[in-house]
Amino acid sequence: MRTASPNARAVHSAARHLDSAEDLIGERERETVRRHAAELTRLDGLPRGYVHGDFQERNWLFDTGPGSLAVVDLERARPHAVVFDIVRLACGPWVGRPDLRAAFFEGYGRELAHKEERSLRCLAALDAVSAISWGVPHHDPETVARGRATLARRERGDAA
């Protein structure tokens, strides 16, 4: 039996988050998420690797002495499209900071391919509804704000 692609699983997860978001987002935002989910289903074949699954600042331990980075909170780690771990960066610390994005990709060794950029925009929309549907009941206003800001940028067609 063939397992679903990572993108198909992300789309299925987004549908669950849309259901749980109920009246937390409007119909226009729901349509934005649905449109990006539909596009994501056409973007299989992305470079794959082992991803953290929740790659964001609160899961980093940085030792400024030797300049070492450790990453914690690995329960979501799994094989996936490598662009998946870039979503939280693009929707968080990179917003309004192209210098951080450039520094990341310099260290990463390459820019994203066109298909990966498209996937990043789609995954950002799906992550946004997840952030809202999780953040509201868990009283996490920072996560909700990130989700709402990401959806607003996707509705305008801005970068992820």
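Visitor: What makes the link between the side chains of Q56 and D54 a polar contact?

Guide: In this predicted model, the side chains of Q56 and D54 are joined at 2.5 Å. A polar contact requires a pair of N or O atoms within 3.5 Å, and the value of 2.5 Å for Q56 and D54 satisfies that cut-off, so the term applies.

Visitor: Where is Q56 placed, and why does Q56 count as buried?

Guide: Q56 is found in the loop between β1 (48-51) and β2 (60-63). Its relative accessibility is 10%. Buried means under 20%, so Q56 counts as buried.

Visitor: How many aromatic pairs does the structure hold, and why is the pair of W94 and F105 called tilted?

Guide: There are six aromatic pairs in the structure. For W94 and F105, the ring centres are 5.5 Å apart and the planes stand at 55 degrees. Centres within 6.5 Å make a pair, and an angle that is neither under 30 nor over 60 degrees counts as tilted; the pair of W94 and F105 is therefore tilted.

Visitor: Which parts of the chain does this pair link, and are W94 and F105 buried or exposed?

Guide: The pair links distant parts of the chain, with W94 in the loop between α3 (87-90) and α4 (98-108) and F105 in helix α4, eleven residues apart. Both W94 and F105 are buried.

Visitor: Why is the pair of F104 and Y108 called stacked?

Guide: The ring centres of F104 and Y108 lie 5.5 Å apart, and their planes are at 20 degrees. Planes under 30 degrees apart count as stacked, so the pair of F104 and Y108 takes that name. The two residues are four apart in helix α4, which means a separation of about one helical turn.

Visitor: Why do F104 and Y108 count as partly exposed?

Guide: The relative accessible area of F104 is 24%, and Y108 has a relative accessibility of 34%. Partly exposed covers the range between the 20% and 50% cut-offs, so the term fits F104 and Y108. Together, W94, F104, F105 and Y108 form one aromatic cluster.

Visitor: What lines the largest pocket, and which elements give two or more residues to its lining?

Guide: The largest pocket, with about 650 Å³ of space, is lined by 29 residues, of which G53, R76, R88, D127 and S130 lie nearest its centre. Two or more lining residues come from each of α1 (6-21), β4 (78-81), α3, α5 (114-135) and α6 (141-156). By class, the lining comprises ten nonpolar, eight polar and eleven charged residues.

Technical notes: Residues numbered from 1 in each chain as written. Predicted model: local features only at pLDDT ≥ 70, side-chain atom pairs only at ≥ 80, totals over all residues. Heavy atoms only, no water. Buried < 20%, exposed > 50% of the residue type's maximum accessible area, 1.4 Å probe, protein only. 1 Å grid on protein atoms, 1.4 Å probe; cavity = no way out; pocket = protein on both sides within 12 Å on 5 of 7 lines; lining within 4 Å. Points joined across faces, edges and corners; volume = space filled by probe spheres on them. Nonpolar A, V, L, I, M, F, W, Y, C, P; charged D, E, K, R; others polar. Polar contact = N/O pair within 3.5 Å; in protein donor to acceptor, adjacent residues only side chain to side chain.
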